[in-house]
Amino acid sequence: MSTLLRIAIQKSGRLQEDSLKLLKESGLQFSNGRDQLKAQVRNLPIELLFLRDDDIPQYVEDRVADVGIVGENVWIEKQKNNELVKRLDFAKCRLSIAIPRSENYTGISFLTGKNIATTYPTIVRQFLKNNKIEAGIHEISGSVEIAPGIGLADAICDIVSTGSTLLSNGLKEVEVVLQSEAVLIATPALEPAKKAILDQLMFRIQAVQSAKNNKYILLNCPNEAIEKITGVIPGMKSPTIMPLSRPGWSSLHSVVNENDFWEKIGQLKSFGAEGILVIPIEKMIA
Ligand code: PRT
Ligand code: ZN
(Lines give C-alpha, C1' and ligand atoms only; values in the text may rest on other atoms or scores of the structure.)
(Ligands and ions follow the chains in the order given, each with its own letter.)
Protein backbone atom coordinates (compact mmCIF):
# COMPACT_ATOMS: atom_id res chain seq x y z
CA MET A 1 0.00 0.00 0.00
CA SER A 2 1.31 3.42 -0.82
CA THR A 3 1.97 5.93 1.93
CA LEU A 4 -0.85 8.19 3.06
CA LEU A 5 -0.53 11.27 5.23
CA ARG A 6 -3.39 11.26 7.74
CA ILE A 7 -4.62 14.67 8.85
CA ALA A 8 -6.96 14.97 11.83
CA ILE A 9 -9.35 17.90 11.84
CA GLN A 10 -12.28 18.86 14.04
CA LYS A 11 -15.48 17.01 13.20
CA SER A 12 -17.72 19.92 14.05
CA GLY A 13 -17.23 23.16 15.89
CA ARG A 14 -15.36 26.41 15.63
CA LEU A 15 -12.28 25.05 13.86
CA GLN A 16 -13.98 22.90 11.29
CA GLU A 17 -15.00 25.37 8.62
CA ASP A 18 -11.69 27.23 8.45
CA SER A 19 -9.69 23.98 8.57
CA LEU A 20 -11.61 22.63 5.57
CA LYS A 21 -11.32 25.94 3.77
CA LEU A 22 -7.55 26.04 4.22
CA LEU A 23 -7.17 22.51 2.87
CA LYS A 24 -9.44 23.25 -0.09
CA GLU A 25 -7.60 26.48 -0.89
CA SER A 26 -4.40 24.42 -0.78
CA GLY A 27 -5.81 22.40 -3.64
CA LEU A 28 -6.96 19.27 -1.80
CA GLN A 29 -10.02 17.75 -3.45
CA PHE A 30 -12.34 15.73 -1.27
CA SER A 31 -15.97 15.41 -0.39
CA ASN A 32 -16.92 15.55 3.25
CA GLY A 33 -20.37 14.27 3.96
CA ARG A 34 -21.99 14.75 7.34
CA ASP A 35 -21.33 12.04 9.93
CA GLN A 36 -18.34 10.88 7.94
CA LEU A 37 -15.33 9.79 9.99
CA LYS A 38 -12.83 9.83 7.14
CA ALA A 39 -12.41 11.33 3.71
CA GLN A 40 -9.94 10.34 1.03
CA VAL A 41 -8.29 13.23 -0.81
CA ARG A 42 -8.62 12.50 -4.52
CA ASN A 43 -5.59 14.29 -5.91
CA LEU A 44 -2.96 13.76 -3.19
CA PRO A 45 -1.98 10.81 -0.95
CA ILE A 46 -3.81 12.30 2.02
CA GLU A 47 -6.62 11.01 4.21
CA LEU A 48 -8.68 13.25 6.51
CA LEU A 49 -9.93 12.04 9.88
CA PHE A 50 -12.77 13.94 11.57
CA LEU A 51 -12.41 13.94 15.37
CA ARG A 52 -13.24 15.89 18.52
CA ASP A 53 -10.64 18.59 18.98
CA ASP A 54 -9.73 17.40 22.50
CA ASP A 55 -8.78 13.98 21.14
CA ILE A 56 -6.55 15.20 18.32
CA PRO A 57 -3.27 15.63 20.32
CA GLN A 58 -3.61 12.08 21.67
CA TYR A 59 -4.35 10.60 18.26
CA VAL A 60 -1.37 12.43 16.81
CA GLU A 61 0.85 11.16 19.62
CA ASP A 62 -0.41 7.62 19.01
CA ARG A 63 0.23 8.00 15.26
CA VAL A 64 -3.38 7.23 14.42
CA ALA A 65 -3.09 10.59 12.65
CA ASP A 66 0.23 11.99 11.41
CA VAL A 67 -0.76 15.62 11.72
CA GLY A 68 -3.70 17.52 13.14
CA ILE A 69 -5.27 20.95 13.32
CA VAL A 70 -6.24 22.11 16.84
CA GLY A 71 -6.43 25.25 18.94
CA GLU A 72 -3.10 26.12 20.52
CA ASN A 73 -4.94 26.14 23.87
CA VAL A 74 -5.89 22.47 23.47
CA TRP A 75 -2.44 21.51 22.19
CA ILE A 76 -0.74 23.11 25.22
CA GLU A 77 -3.28 21.77 27.72
CA LYS A 78 -2.92 18.18 26.57
CA GLN A 79 0.90 18.09 26.85
CA LYS A 80 1.20 15.28 24.33
CA ASN A 81 4.24 14.33 22.33
CA ASN A 82 3.36 16.55 19.35
CA GLU A 83 5.47 18.95 17.35
CA LEU A 84 4.20 22.41 16.43
CA VAL A 85 4.56 22.71 12.66
CA LYS A 86 2.77 25.94 11.88
CA ARG A 87 0.47 28.60 13.27
CA LEU A 88 -2.52 28.88 10.98
CA ASP A 89 -3.82 32.38 11.60
CA PHE A 90 -7.46 31.52 12.32
CA ALA A 91 -9.62 30.76 15.40
CA LYS A 92 -7.78 33.47 17.27
CA CYS A 93 -8.79 33.81 20.89
CA ARG A 94 -7.25 34.13 24.33
CA LEU A 95 -7.44 32.12 27.50
CA SER A 96 -8.15 34.52 30.33
CA ILE A 97 -8.94 34.73 34.01
CA ALA A 98 -12.22 36.49 34.79
CA ILE A 99 -13.87 37.43 38.07
CA PRO A 100 -17.28 38.86 39.03
CA ARG A 101 -17.59 42.45 37.85
CA SER A 102 -18.48 43.61 41.35
CA GLU A 103 -15.06 42.53 42.72
CA ASN A 104 -12.30 45.05 43.10
CA TYR A 105 -9.31 43.53 41.28
CA THR A 106 -6.08 44.55 42.93
CA GLY A 107 -3.65 42.63 40.75
CA ILE A 108 -2.70 39.01 40.40
CA SER A 109 -2.37 38.48 44.17
CA PHE A 110 -6.16 38.83 44.26
CA LEU A 111 -6.23 35.18 43.17
CA THR A 112 -4.41 33.90 46.28
CA GLY A 113 -6.60 31.43 48.13
CA LYS A 114 -9.36 31.71 45.55
CA ASN A 115 -10.99 28.86 43.65
CA ILE A 116 -10.70 29.00 39.83
CA ALA A 117 -13.06 26.98 37.64
CA THR A 118 -11.68 25.92 34.26
CA THR A 119 -11.50 23.26 31.58
CA TYR A 120 -7.76 24.03 31.30
CA PRO A 121 -6.31 22.82 34.64
CA THR A 122 -2.79 22.18 33.33
CA ILE A 123 -2.40 25.64 31.82
CA VAL A 124 -3.89 27.33 34.89
CA ARG A 125 -1.62 25.37 37.24
CA GLN A 126 1.42 26.46 35.25
CA PHE A 127 0.21 30.07 35.16
CA LEU A 128 -0.28 30.14 38.94
CA LYS A 129 3.11 28.53 39.47
CA ASN A 130 4.86 31.07 37.21
CA ASN A 131 3.24 33.86 39.19
CA LYS A 132 3.87 32.19 42.58
CA ILE A 133 0.18 32.22 43.47
CA GLU A 134 -1.45 29.55 45.63
CA ALA A 135 -5.03 29.02 44.50
CA GLY A 136 -7.46 26.17 44.05
CA ILE A 137 -8.33 24.79 40.62
CA HIS A 138 -11.78 23.40 40.06
CA GLU A 139 -11.87 21.40 36.84
CA ILE A 140 -15.22 21.37 35.09
CA SER A 141 -16.09 20.21 31.60
CA GLY A 142 -18.30 22.99 30.28
CA SER A 143 -20.31 26.16 30.98
CA VAL A 144 -17.41 27.51 32.99
CA GLU A 145 -18.77 31.05 32.87
CA ILE A 146 -21.69 30.23 35.16
CA ALA A 147 -19.46 28.86 37.95
CA PRO A 148 -19.03 32.09 39.97
CA GLY A 149 -22.75 32.91 39.71
CA ILE A 150 -23.76 29.58 41.28
CA GLY A 151 -21.12 29.75 43.99
CA LEU A 152 -18.92 27.03 42.50
CA ALA A 153 -15.83 29.22 42.15
CA ASP A 154 -14.47 32.73 42.77
CA ALA A 155 -12.96 33.09 39.31
CA ILE A 156 -12.81 31.29 36.00
CA CYS A 157 -10.22 30.68 33.31
CA ASP A 158 -11.80 30.27 29.90
CA ILE A 159 -11.56 31.15 26.22
CA VAL A 160 -12.49 34.72 25.37
CA SER A 161 -13.05 36.04 21.90
CA THR A 162 -15.32 39.10 21.79
CA GLY A 163 -15.85 39.19 25.56
CA SER A 164 -19.65 39.12 25.26
CA THR A 165 -20.01 35.80 27.12
CA LEU A 166 -18.17 37.23 30.11
CA LEU A 167 -20.24 40.39 29.98
CA SER A 168 -23.55 38.58 29.90
CA ASN A 169 -22.49 36.48 32.89
CA GLY A 170 -21.50 39.47 35.00
CA LEU A 171 -17.77 38.75 34.74
CA LYS A 172 -14.73 40.84 33.82
CA GLU A 173 -11.46 39.73 32.26
CA VAL A 174 -8.51 40.44 34.55
CA GLU A 175 -5.54 38.42 33.24
CA VAL A 176 -4.66 37.01 29.82
CA VAL A 177 -3.04 33.62 30.36
CA LEU A 178 -2.45 32.65 26.74
CA GLN A 179 -3.05 33.94 23.21
CA SER A 180 -4.21 31.17 20.93
CA GLU A 181 -4.90 30.38 17.29
CA ALA A 182 -5.34 27.21 15.26
CA VAL A 183 -2.07 25.30 14.86
CA LEU A 184 -0.87 22.40 12.77
CA ILE A 185 0.78 19.74 14.94
CA ALA A 186 2.59 16.57 13.90
CA THR A 187 4.07 13.42 15.37
CA PRO A 188 7.80 13.94 15.86
CA ALA A 189 10.08 12.20 13.35
CA LEU A 190 7.58 11.46 10.62
CA GLU A 191 8.80 8.82 8.21
CA PRO A 192 10.41 10.37 5.11
CA ALA A 193 7.61 9.47 2.69
CA LYS A 194 5.03 11.16 4.94
CA LYS A 195 7.33 14.08 5.59
CA ALA A 196 7.57 14.65 1.83
CA ILE A 197 3.77 14.84 1.57
CA LEU A 198 3.64 17.20 4.55
CA ASP A 199 6.31 19.43 2.99
CA GLN A 200 4.24 19.66 -0.15
CA LEU A 201 1.18 20.61 1.89
CA MET A 202 3.17 23.19 3.90
CA PHE A 203 4.41 24.79 0.68
CA ARG A 204 0.81 25.21 -0.43
CA ILE A 205 -0.41 26.49 2.94
CA GLN A 206 2.41 29.04 2.89
CA ALA A 207 1.29 30.24 -0.55
CA VAL A 208 -2.31 30.57 0.63
CA GLN A 209 -1.28 32.46 3.78
CA SER A 210 1.06 34.85 1.95
CA ALA A 211 -1.66 35.59 -0.57
CA LYS A 212 -4.09 36.43 2.24
CA ASN A 213 -1.62 38.79 3.85
CA ASN A 214 -0.83 40.65 0.65
CA LYS A 215 -2.60 42.62 -2.04
CA TYR A 216 -1.70 43.35 -5.63
CA ILE A 217 -1.48 47.09 -6.13
CA LEU A 218 -1.53 49.11 -9.38
CA LEU A 219 -1.18 52.86 -9.60
CA ASN A 220 -0.28 55.70 -11.93
CA CYS A 221 2.44 58.16 -10.99
CA PRO A 222 4.60 60.89 -12.43
CA ASN A 223 7.98 59.45 -13.46
CA GLU A 224 9.82 61.58 -10.87
CA ALA A 225 7.92 59.76 -8.09
CA ILE A 226 8.87 56.21 -9.19
CA GLU A 227 11.92 55.96 -6.97
CA LYS A 228 10.14 57.15 -3.83
CA ILE A 229 7.14 54.92 -4.48
CA THR A 230 9.39 51.91 -5.08
CA GLY A 231 10.86 52.59 -1.66
CA VAL A 232 7.40 52.28 -0.11
CA ILE A 233 6.14 49.26 -2.07
CA PRO A 234 9.22 47.30 -3.17
CA GLY A 235 7.10 44.23 -3.97
CA MET A 236 8.47 40.71 -4.20
CA LYS A 237 11.62 41.65 -6.15
CA SER A 238 10.91 45.11 -7.50
CA PRO A 239 7.80 46.73 -8.97
CA THR A 240 6.84 46.41 -12.63
CA ILE A 241 6.90 49.79 -14.33
CA MET A 242 5.20 50.49 -17.66
CA PRO A 243 4.99 53.82 -19.46
CA LEU A 244 1.57 55.41 -19.82
CA SER A 245 0.72 56.94 -23.19
CA ARG A 246 0.58 60.26 -21.36
CA PRO A 247 4.16 61.60 -21.41
CA GLY A 248 5.99 61.73 -18.09
CA TRP A 249 3.69 59.17 -16.39
CA SER A 250 4.00 55.48 -15.60
CA SER A 251 1.89 52.63 -14.32
CA LEU A 252 3.50 50.82 -11.38
CA HIS A 253 2.49 47.32 -10.22
CA SER A 254 3.59 45.81 -6.93
CA VAL A 255 2.52 43.89 -3.83
CA VAL A 256 1.62 45.45 -0.50
CA ASN A 257 1.23 43.84 2.91
CA GLU A 258 -2.23 43.93 4.42
CA ASN A 259 -0.96 45.10 7.82
CA ASP A 260 0.58 48.38 6.75
CA PHE A 261 -1.71 48.88 3.82
CA TRP A 262 -3.54 52.06 4.90
CA GLU A 263 -0.41 53.77 6.09
CA LYS A 264 1.30 53.05 2.77
CA ILE A 265 -1.64 54.25 0.70
CA GLY A 266 -1.37 57.59 2.50
CA GLN A 267 2.33 57.83 1.66
CA LEU A 268 1.77 56.87 -1.98
CA LYS A 269 -0.86 59.57 -2.41
CA SER A 270 1.43 62.17 -0.89
CA PHE A 271 4.07 61.20 -3.51
CA GLY A 272 1.57 61.88 -6.31
CA ALA A 273 0.17 58.39 -6.98
CA GLU A 274 -3.26 58.36 -8.66
CA GLY A 275 -5.76 55.79 -9.83
CA ILE A 276 -4.70 53.29 -7.17
CA LEU A 277 -6.23 49.83 -7.59
CA VAL A 278 -5.86 47.13 -4.94
CA ILE A 279 -6.68 43.57 -5.91
CA PRO A 280 -6.77 40.34 -3.86
CA ILE A 281 -4.15 37.70 -4.63
CA GLU A 282 -5.20 34.07 -4.72
CA LYS A 283 -1.84 32.32 -4.29
CA MET A 284 1.59 33.81 -3.73
CA ILE A 285 4.88 31.94 -4.20
CA ALA A 286 8.03 33.89 -3.43
O1 PRT B 1 -16.82 19.10 19.94
P2 PRT B 1 -15.41 19.49 20.14
O3 PRT B 1 -14.82 18.98 21.44
O4 PRT B 1 -14.57 19.14 18.94
O5 PRT B 1 -15.37 21.10 20.19
P6 PRT B 1 -15.36 22.12 21.43
O7 PRT B 1 -16.76 22.45 21.77
O8 PRT B 1 -14.44 21.63 22.51
O9 PRT B 1 -14.58 23.35 20.82
P10 PRT B 1 -15.11 24.60 19.97
O11 PRT B 1 -15.53 24.16 18.61
O12 PRT B 1 -16.05 25.44 20.76
O13 PRT B 1 -13.73 25.42 19.89
C14 PRT B 1 -12.63 24.89 19.22
C15 PRT B 1 -11.46 25.86 19.36
O16 PRT B 1 -11.82 27.13 18.80
C17 PRT B 1 -11.07 26.23 20.78
O18 PRT B 1 -10.24 25.24 21.38
C19 PRT B 1 -10.32 27.54 20.58
O20 PRT B 1 -8.98 27.27 20.19
C21 PRT B 1 -11.03 28.16 19.38
N22 PRT B 1 -11.93 29.29 19.73
C23 PRT B 1 -11.88 30.52 19.14
C24 PRT B 1 -12.91 29.31 20.65
C25 PRT B 1 -13.48 30.60 20.63
N26 PRT B 1 -12.81 31.31 19.67
C27 PRT B 1 -14.58 30.91 21.52
N28 PRT B 1 -15.06 32.02 21.48
N29 PRT B 1 -13.38 28.38 21.50
C30 PRT B 1 -14.40 28.66 22.32
N31 PRT B 1 -15.00 29.88 22.38
C32 PRT B 1 -16.14 30.02 23.37
C33 PRT B 1 -15.66 30.18 24.82
O34 PRT B 1 -15.48 28.92 25.42
C35 PRT B 1 -16.77 30.97 25.46
O36 PRT B 1 -17.84 30.14 25.87
O37 PRT B 1 -16.91 31.15 23.11
C38 PRT B 1 -17.24 31.83 24.32
C39 PRT B 1 -16.53 33.14 24.39
O40 PRT B 1 -16.73 33.86 23.23
P41 PRT B 1 -17.01 35.44 23.31
O42 PRT B 1 -16.97 35.88 21.88
O43 PRT B 1 -18.34 35.64 23.93
O44 PRT B 1 -15.88 36.06 24.11
ZN1 ZN C 1 -13.51 19.99 22.60
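A pocket, as the word is used here, is an open set of points on a 1 Å grid over the protein atoms alone, with protein on both sides within 12 Å along at least five of seven lines. In this predicted model, the largest pocket holds about 1100 Å³ of space, and the residues closest to its centre, out of the 40 that line it, are Arg14, Asn73, Tyr120, Asp158 and Ile159. The protein is divided into domain 1 (5–90 + 182–211), domain 2 (93–180) and domain 3 (214–280), and because domain 1 and domain 2 both give residues to the lining of the largest pocket, this pocket lies between them.

**The largest pocket and the domains**

- Helix 3 (72–78), strand 9 (155–160) and helix 5 (164–168) each supply at least two residues of the lining of the largest pocket, and helix 3 gives the largest share of that lining, with four residues.
- Sorted by class, the lining of the largest pocket consists of 13 nonpolar, 15 polar and 12 charged residues.
- Domain 3, which covers residues 214–280, has a C-alpha centre that lies 48 Å from the C-alpha centre of domain 2.

**The second largest pocket and Gln10**

- The second largest pocket, with a volume of about 210 Å³, is lined by Lys11, Ser12, Gln16, Asn32, Gly33, Arg34, Asp35, Gln36 and Phe50.
- By class, the lining of the second largest pocket has one nonpolar residue, five polar residues and three charged residues.
- Gln10 has its place in strand 1 (residues 5–10), and it counts as buried because its relative accessibility is 8%, where the cut-off for buried is under 20%.
- The side chain of Gln10 reaches the backbone oxygen of Ser12 at 3.2 Å, and a polar atom of the side chain of Gln10 also lies 3.4 Å from the backbone nitrogen of Gln16.
- Both partners of these Gln10 contacts, Ser12 and Gln16, appear in the lining of the second largest pocket.

**Helix 6**

- Helix 6 (residues 192–213) has 22 residues, which at 1.5 Å a residue should span 32 Å, and the distance of 31 Å between its end C-alpha atoms agrees with that expectation.
- The buried residues of helix 6 are Lys194, Ile197, Leu198, Leu201, Met202, Ile205, Ala207, Val208, Gln209, Ser210 and Ala211.
- As background to this list, an α-helix has 3.6 residues a turn, so residues three or four places apart point the same way.

**Loops and positive phi values**

- Ser143, in the loop between strand 8 (136–139) and strand 9, has a phi near 45°, which is a positive value in a residue other than glycine.
- With a relative accessibility of 46%, Ser143 counts as partly exposed.
- Ala189, in the loop between strand 11 (182–186) and helix 6, likewise has a positive phi in a residue other than glycine, here near 50°.
- Ala189 counts as exposed because its relative accessibility is 67%, where the cut-off for exposed is over 50%.

**Positions along the chain and in space**

- Ser2 has its place in the segment before strand 1 and is exposed, with a relative accessible area of 58%.
- Although Ser2 and Ala193 are 191 residues apart along the chain, their C-alpha atoms are separated by 9.4 Å.
- Pro121 has its place in helix 4 (residues 121–130) and, at 7% relative accessibility, counts as buried.
- Pro121 and Lys86 are 35 residues apart in sequence, and the distance between their C-alpha atoms is 25 Å.
- Asp260, in the loop between strand 14 (249–257) and helix 8 (261–270), counts as partly exposed at 28% relative accessibility.
- The C-alpha atoms of Asp260 and Arg101 are separated by 37 Å, and these two residues are 159 residues apart along the chain.

Terms used
Residues are numbered from 1 along each chain as its sequence is written. Chains are lettered from A and ligands numbered from 1 in the order in which they are written. This is a predicted model: local features need pLDDT of at least 70, side-chain atom pairs count only at pLDDT 80 or more; totals for chains, interfaces and linings use all residues. Side-chain values use heavy atoms; hydrogens and water are left out. The expected span of a helix is 1.5 Å times one less than its number of residues. Buried means under 20% relative accessible area, exposed over 50%, partly exposed in between (1.4 Å probe, protein chains only). On a 1 Å grid over the protein atoms alone, a cavity is a set of points where a 1.4 Å probe fits but cannot get out, and a pocket is an open set with protein on both sides within 12 Å along at least five of seven lines; lining residues have an atom within 4 Å of a point. Grid points are joined across faces, edges and corners, and a volume is the space filled by probe spheres set on the points. Ala, Val, Leu, Ile, Met, Phe, Trp, Tyr, Cys and Pro count as nonpolar, Asp, Glu, Lys and Arg as charged, and the others, Gly among them, as polar. Domain bounds come from an automatic or database domain assignment. A polar contact is a pair of N or O atoms within 3.5 Å; within protein, one must be able to donate a hydrogen and the other to accept it, and residues adjacent in sequence count only if both atoms are side-chain atoms.
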